[in-house]
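Trainee: I should like to work through this structure step by step. May I put my questions to you in turn?

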Amino acid sequence: MKYKIISEIIKSNDEEMLNAVKTILNIEDKPDFWEEISEEDQVAIDQALEQLDRGNFISRESLDAEVKEKYNF
């Protein structure tokens, strides 16, 4: 039942219904963090996500090994 309700909420464009759900769930209007960060930061985040999608990253273990080797830890 939860999934059906969630699905209907996601598909809905009925502002009155969505506001009623928001009131029932006691959800406060808080600005989306995305709207609060600079355009420069938004671009940087988008670029980072695109790099991840392309597989252009290194693992934490690889980074640790690289730092240990470079700085003789």
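Trainee: At the start of helix α2, which residue has a side-chain oxygen that reaches the backbone nitrogen of Glu-16?

Mentor: This is a predicted model, and the reply rests on its atom positions. Helix α2 covers residues 15-24. At its start, the backbone nitrogen of Glu-16 has a side-chain oxygen within 3.1 Å, and that oxygen belongs to Asp-14.

Trainee: Is Ser-12 buried or exposed?

Mentor: Ser-12 lies in the loop between α1 (2-11) and α2. Leaving out residues up to four places away in sequence, Ser-12 touches Met-17 and Leu-18. Its relative accessible area is 16%, and a residue under 20% is classed as buried, so Ser-12 is buried.

Trainee: What is the phi of Asn-26, and where is the residue found?

Mentor: Asn-26 follows α2 and is found in the loop between α2 and α3. With a relative accessible area of 65%, Asn-26 is exposed. Its phi is positive although the residue is not glycine, and the value is near 55°.

Trainee: Which residue in the segment after α5 has a positive phi?

Mentor: Helix α5 spans 60-71, and the residue in question is found in the segment after it. Its phi is near 55°, a positive value in a residue other than glycine. The relative accessible area is 70%, so the residue counts as exposed. The name asked for is Asn-72.

Trainee: Turning to the aromatic rings, how many aromatic pairs are counted?

Mentor: A pair of aromatic rings is described by the distance of the centres and the angle of the planes. For rings of Phe, Tyr and Trp, the centres must lie within 6.5 Å. By this rule the count is two.

Trainee: How are the planes of Phe-33 and Trp-34 arranged?

Mentor: The ring centres of Phe-33 and Trp-34 are 6.0 Å apart. Their planes make an angle of 85°, and planes over 60 degrees apart belong to one class. The arrangement of Phe-33 and Trp-34 is therefore edge-to-face.

Trainee: What is the class of the pair formed by Tyr-71 and Phe-73?

Mentor: The centres of the rings of Tyr-71 and Phe-73 are 6.2 Å apart, and the planes meet at 35°. Stacked planes would be under 30 degrees apart and edge-to-face planes over 60. The angle of 35° falls in neither range, so the pair of Tyr-71 and Phe-73 is tilted.

Trainee: Is Phe-73 buried or exposed?

Mentor: The relative accessibility of Phe-73 is 70%. The cut-off for exposed is over 50%, so Phe-73 counts as exposed.

Trainee: Which residues does Ile-37 contact beyond its neighbours in sequence?

Mentor: Ile-37 sits in the loop between α3 (33-36) and α4 (39-53). Its relative accessible area is 24%, so Ile-37 is partly exposed. Once neighbours within four places in sequence are left aside, the contacts of Ile-37 are Gln-42 and Ile-45.

Trainee: What backbone atom does the side chain of Gln-42 reach?

Mentor: Gln-42 is found in helix α4, and at 19% relative accessibility it counts as buried. Not counting residues up to four places away in sequence, Gln-42 touches Trp-34, Glu-35 and Ile-37. At 2.6 Å, its side chain reaches the backbone oxygen of Trp-34.

Trainee: Considering the whole chain, is it more spread out than a compact globule, and what is its radius of gyration?

Mentor: The chain has five helices and zero strands. For 73 residues the globule rule gives 11 Å, and the radius of gyration is well over that, so the chain is more spread out than a compact globule. Along its principal axes the C-alpha trace spans about 60 × 35 × 25 Å. The radius of gyration is 21 Å.

Trainee: What percentage of the residues count as buried?

Mentor: The chain exposes about 7,300 Å², of which carbon and sulfur atoms supply 54%. Of its 73 residues, the share that counts as buried is 3%.

Trainee: Finally, in which helix is confidence highest?

Mentor: The average pLDDT of the chain is 92, and 100% of the residues score at least 70. Confidence is lowest in α3, at a mean of 90. The highest value is 96, in α4.

How values were computed:
Residues numbered from 1 in each chain as written. Predicted model: local features only at pLDDT ≥ 70, side-chain atom pairs only at ≥ 80, totals over all residues. Heavy atoms only, no water. Buried < 20%, exposed > 50% of the residue type's maximum accessible area, 1.4 Å probe, protein only. Helix = DSSP H or I, 4+ residues; strand = E, 2+ residues; numbered from the N terminus. Contact = heavy atoms within 4.5 Å. Polar contact = N/O pair within 3.5 Å; in protein donor to acceptor, adjacent residues only side chain to side chain. pLDDT = per-residue confidence, 0-100. Rg over C-alpha atoms; globule rule 2.2 N^0.38 Å. Areas by Shrake-Rupley, 256 points an atom, 1.4 Å probe, with all protein chains shown as cover.
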